[in-house]
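Trainee: Hi! Could you walk me through this structure before I head back to the bench?
Mentor: Happy to, let's bring it up.

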Amino acid sequence: MSISMEVKLWNDKREREMYDNFAELYAIIKATESLEKAYVRDIISPKEYELECQKLIAHFKTLASTLKDTVPSIERFADTYKMECSAAINRLVISGVPATVEHRVAAAANTSNSAAMVAGCVQFFITAMDSLKLGMLAVDEVHPLLSDIYGSLNKLTILPPDFEGKTQVNGWMTRLSKMGASYVLTEQEARQLNFELESLYNSFIASLPNADMIE
């Protein structure tokens, strides 16, 4: 007679959620490693690579923020599970942007702006979009993020003088300035702002030199 026993990895709902998050983090890192290798080997087009990489980075940032107390070091997490995903760690933890964006940042830096200025603008966009997704919706939280983007865009001489991003970001800043600091954006307002930021980010990236590489 055979006796089967069910072995549980968790004792309660909280532990189960933690292991589920671990599994998701593992999957994101593995997927990013595979994507990086596919891009280097020209198995995937730059445009497809950038789109998928942006999704993975966004998911990673959200999950890493959730797990910051239980997984303080992504590198240690990868070592613990013997993942051997150096390319993924570089992309997700160190760089934070797709390789195609890094290439365009470098190209832009070679024209008239420093790499730090272009990369800084990219990071301001990403930080603002991530913050909205994480529920940072109070005016005194959102306004400084938009101010960073606006200031950074104005310093970039490679952009057209009439770049729509400047006008739209400034419009949101003006709108928020009329609200109280403690006012919290509604779900609809936050969704609209995030949509516009994503559109402006894509327009910004497309306006950098050599943007035709992802067409």
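Mentor: We can go through the overall fold, then the pockets, and then some single elements.

Trainee: Sounds good. How many helices and strands are there in the protein?
Mentor: There are nine helices and zero strands. Keep in mind that this is a predicted model.

Trainee: And what share of the residues counts as buried?
Mentor: Of the protein's 215 residues, 40% count as buried. As for contacts with a separation of 6 or more, 75% of them involve residues 24 or more positions apart.

Trainee: Let's move to pockets. How much space lies in the largest pocket?
Mentor: About 560 Å³. Its lining has 24 residues, and the closest to the pocket centre are E50, L51, Q54, Y201 and N202.

Trainee: Which helix gives the most to that lining?
Mentor: That's α2, with nine residues of the lining of the largest pocket. At least two residues each come from α2 (46–66), α6 (115–133) and α9 (187–207).

Trainee: Where does the largest pocket lie relative to the domains?
Mentor: The largest pocket lies between domain 1 (13–97) and domain 2 (109–205), because both give residues to its lining.

Trainee: What classes of residue are in the lining of the largest pocket?
Mentor: The lining divides into ten nonpolar, nine charged and five polar residues.

Trainee: What about the second largest pocket, how much space is in that one?
Mentor: About 180 Å³. The residues that line the second largest pocket are R14, E17, M18, N21, T66, L67, D69 and T70. Helix α1 (residues 13–40) supplies the largest share of that lining, four residues. By class, the lining has three charged, three polar and two nonpolar residues.

Trainee: OK, cavities next. How many of 30 Å³ or more are there?
Mentor: The count comes to one cavity of 30 Å³ or more, and the largest cavity has a volume of about 30 Å³.

Trainee: Which residues line the largest cavity?
Mentor: L146, Q168, V169, W172, L193, E196, L197 and L200 do. Six of the lining residues are nonpolar, one is polar and one is charged. The largest share, four residues, comes from α9, while α8 (164–177) and α9 each supply at least two.

Trainee: L146 caught my eye there. Which residues of α7 are buried?
Mentor: L146 is one of them, and the full set is V139, V142, L145, L146, I149, S152 and L153.

Trainee: Why would residues three or four places apart point the same way?
Mentor: It's because an α-helix has 3.6 residues a turn.

Trainee: Nice. How far does α7 reach from its first C-alpha to its last?
Mentor: Helix α7 covers residues 139–155, which is 17 residues, and reaches 24 Å. That is close to the 24 Å expected at 1.5 Å a residue.

Trainee: One last thing, T32. Is T32 buried or exposed?
Mentor: T32 has 1% relative accessibility, so it counts as buried. You'll find T32 in helix α1.

Trainee: What is T32 in contact with, leaving aside neighbours within four places in sequence?
Mentor: T32 is in contact with L56, A88, R91 and L92. Also, T32 and I57 are 25 residues apart in sequence, and their C-alphas are 8.5 Å apart in space.

Trainee: Great, thanks for the tour!

Technical notes. Residues are numbered from 1 along each chain as its sequence is written. This is a predicted model: local features need pLDDT of at least 70, side-chain atom pairs count only at pLDDT 80 or more; totals for chains, interfaces and linings use all residues. Side-chain values use heavy atoms; hydrogens and water are left out. The expected span of a helix is 1.5 Å times one less than its number of residues. Buried means under 20% relative accessible area, exposed over 50%, partly exposed in between (1.4 Å probe, protein chains only). On a 1 Å grid over the protein atoms alone, a cavity is a set of points where a 1.4 Å probe fits but cannot get out, and a pocket is an open set with protein on both sides within 12 Å along at least five of seven lines; lining residues have an atom within 4 Å of a point. Grid points are joined across faces, edges and corners, and a volume is the space filled by probe spheres set on the points. Ala, Val, Leu, Ile, Met, Phe, Trp, Tyr, Cys and Pro count as nonpolar, Asp, Glu, Lys and Arg as charged, and the others, Gly among them, as polar. Domain bounds come from an automatic or database domain assignment. Contact means heavy atoms within 4.5 Å.
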